[in-house]
Amino acid sequence: MLRNFSVCIFILLGYGMGITASGQNSPVVSNRFIDQLNGMSADEAVQKAFENNDEIGAVRKDIDAARGFLKQARLRPNPSVEFNRREQIGGPDNNTIIGGSLPLELGGRRNARVKVAEAELQLRENQVANSERILAAEVRTKFGEALAQTLKLSVIDKLLESALEGFRLVQSRVTEGKIAPLDEGMTAVEVNRLRSLRETELGRTEIAFLELRNLLGMQPEAPLRLKGNFDDLIAIPMAIAESVQKALESRPDLLAFKAAEKVADARIEKAKAGGRLDAKISADYQRNDFGFPVQGIDQTGDLRPVQDVFSSVRVGVTFEIPIRNANQGLIEAAIADADAARKRTKFAELVVRREVASAFARYESSARAMEIFRVGAQSQANANLSVIRQTYEFGARNLIEYLVEQRRYLDIENEFIAAQLAVYQATIEIMRATNAPELFKK
C-alpha cells in the first residue's frame, strides 16, 4: 500500500514539472526570468527606468518650468501707451492726448531677477539629478533582489531534480526488496517538501519581478528577463577618502543645498535692488481744439469765432523714491533664509560623510562574510553532499544522513546567495552615497 501511494506521489510530482536530467536550470527559471543573451542588464534597467518612470518624468518638468521662469526674468518690461479723448458737452471744444511710458528698472533690478531665476534653475537641475540617483539605486537594488530570488529558485530546482532521481532509485530498490518501503515514503516526503519550497520561492520571485517592473514603468504582465550574475555585478570600490571627496564634489543633493544658498543670496540682492531708486520716462502729444463763445476781429478786419487748435509735446521722468519702503522686511527675511541655507548645507555635508562611512562599513563586513561562505562553507557543502550521495547510493550511508546533508546544503546555498546579495547591496549603497556608478563596472 505504501509503495503504491509513493508511486502516485512520484507521478504527481514528476508530471509537468519541466525538470530535465541535465543538471541545468529549470525551463521555468531560464525562460521566464533569466536570459543571459537577450535579457536586461542592471545598467539597461536603470536606463529604462529613466525613460519610462512617470515620477522621474514629472520631476523633470520642474526643469522646464524653471527654464520658463528664467526666460521670463530676462525679458524687459513692456512700455505702456495711453490714448485720451475729451469732448466738451454742448460745445465745440475737444482735447486729444496720445502718450506712453517706459519703466527703467534702475538699481540692478533686472540683473537681480535674472540671477534668482538662474539659481533656481540650477537648484531644480540638482534636485532632478538627485531623484535620478535615488531611482538608479532603487532599480539596482530591486534588480539584485530579483536576481537573488532566481538563484534561490534555481538551487531548489536542482535539488528537486536530484530528489526525483533519488526517488526513482529508491523506488527501484524497494521493488527489488533491497530496502524497506519506509525509505520510499521518506523520499516522497522530501520531494514534496522541496516542491512546496519551490512554490514559495517562485511566488517571491514573481513578486520581486513585479516590483522591478513597477520601477521600470512597465506593465505587470510585460515580459521581463534578466541577465548577469553577482560575480560580474560586485566590484571593489575605491578608497574611502577618495569616495568621500567625490561625494562632496558630485552628490546632487548636496549640490542642491549649495544651489539653495545661491538662490537665497540672489534673493537678498533682489530685495535690495527693489528698495533702490527707480524711475520711468514718459512722453505724450496733446492736440487741443479750444475756443470761446464770442467773436473777434481777425487780421483782415472780419469777424470770426475765437477758436483755434493748439498742439503740444510733453516729456517727463517719474521717480520712485524709497523713503518709507526700502524693502527692509524682505531684505531681513532673505538674509535669514540665506543663513538657514548655509546651515543646511553644513549639515548635509556631515550626512554625506556619515552615509559614505556607513556604506563602506557595511561593504567590508558583508564582503568578509561572503568570502568566508565562499571558501569555507559553500564549496565544502557541495563536496559533502556529493560524497554523501555517492556513499548512500552504494549503501554505505542511510537515507536520513543524505536528507540531512541535502537540507544543510540548501540552507548554505540560500545563505551564500543572501551573502552575495548583501555585498551587492552594499556596493549599491556606496554608489548611491558617492554618486559614482562607474566604480562598480569591471
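This section describes the nonpolar cores and the salt bridges of a predicted model.

In soluble globular proteins, nonpolar side chains tend to be buried together. In the present model, the largest nonpolar core comprises 65 residues, and the members that touch the most others are Val-139, Phe-143, Leu-216, Leu-224, Leu-226, Phe-230 and Tyr-424. Two or more residues of this core come from each of helices H3 (42–52), H5 (109–176), H6 (181–216), H7 (230–233), H8 (240–250), H10 (328–393) and H11 (399–434). The greatest contribution is that of H5, which supplies 16 residues. When residues up to four places away in sequence are left out, Phe-143 touches Met-40, Ser-41, Ala-42, Ala-45, Leu-212, Leu-226, Lys-227, Leu-233 and Tyr-424. Two of these partners, Leu-226 and Tyr-424, are themselves listed with Phe-143 among the core members that touch the most others. A separate core of eight residues lies apart from the largest one and includes Ile-63, Leu-70, Ala-117 and Val-128.

Charged side chains were examined next. Side chains of opposite charge can pair when their charged atoms come close. The model contains 22 salt bridges. In one of them, Asp-278 is paired with Arg-109, with a distance of 3.6 Å between the closest N and O atoms. Because Asp-278 belongs to strand E3 (residues 278–297) and Arg-109 to helix H5, this salt bridge ties together parts that are 169 residues apart in sequence. Both Asp-278 and Arg-109 are buried.

Helix H5 also takes part in a second long-range pair. Arg-133 and Asp-253 form a salt bridge through their side chains, at 3.4 Å from N to O. Arg-133 is located in helix H5 and Asp-253 in helix H9 (residues 252–274), so that distant parts of the chain, 120 residues apart, are linked. Arg-133 and Asp-253 are both buried.

A third salt bridge connects two strands. The closest N and O atoms of Arg-314 and Asp-284 are 2.3 Å apart. Arg-314 lies in strand E4 (residues 303–320) and Asp-284 in strand E3, with their positions 30 residues apart in sequence. The two partners differ in exposure: Arg-314 has a relative accessible area of 46% and is partly exposed, whereas Asp-284, at 13%, is buried.

Some salt bridges share partners, and through them Arg-133, Arg-251, Asp-253, Glu-355, Glu-429 and Arg-432 are joined into one network. The buried pair of Arg-133 and Asp-253 is thus part of this network.

Terms used. Residues numbered from 1 in each chain as written. Predicted model: local features only at pLDDT ≥ 70, side-chain atom pairs only at ≥ 80, totals over all residues. Heavy atoms only, no water. Core = buried A, V, L, I, M, F, W, Y, C linked by side-chain atoms within 4.5 Å. Buried < 20%, exposed > 50% of the residue type's maximum accessible area, 1.4 Å probe, protein only. Helix = DSSP H or I, 4+ residues; strand = E, 2+ residues; numbered from the N terminus. Contact = heavy atoms within 4.5 Å. Salt bridge = Lys/Arg side-chain N within 4 Å of Asp/Glu carboxyl O.
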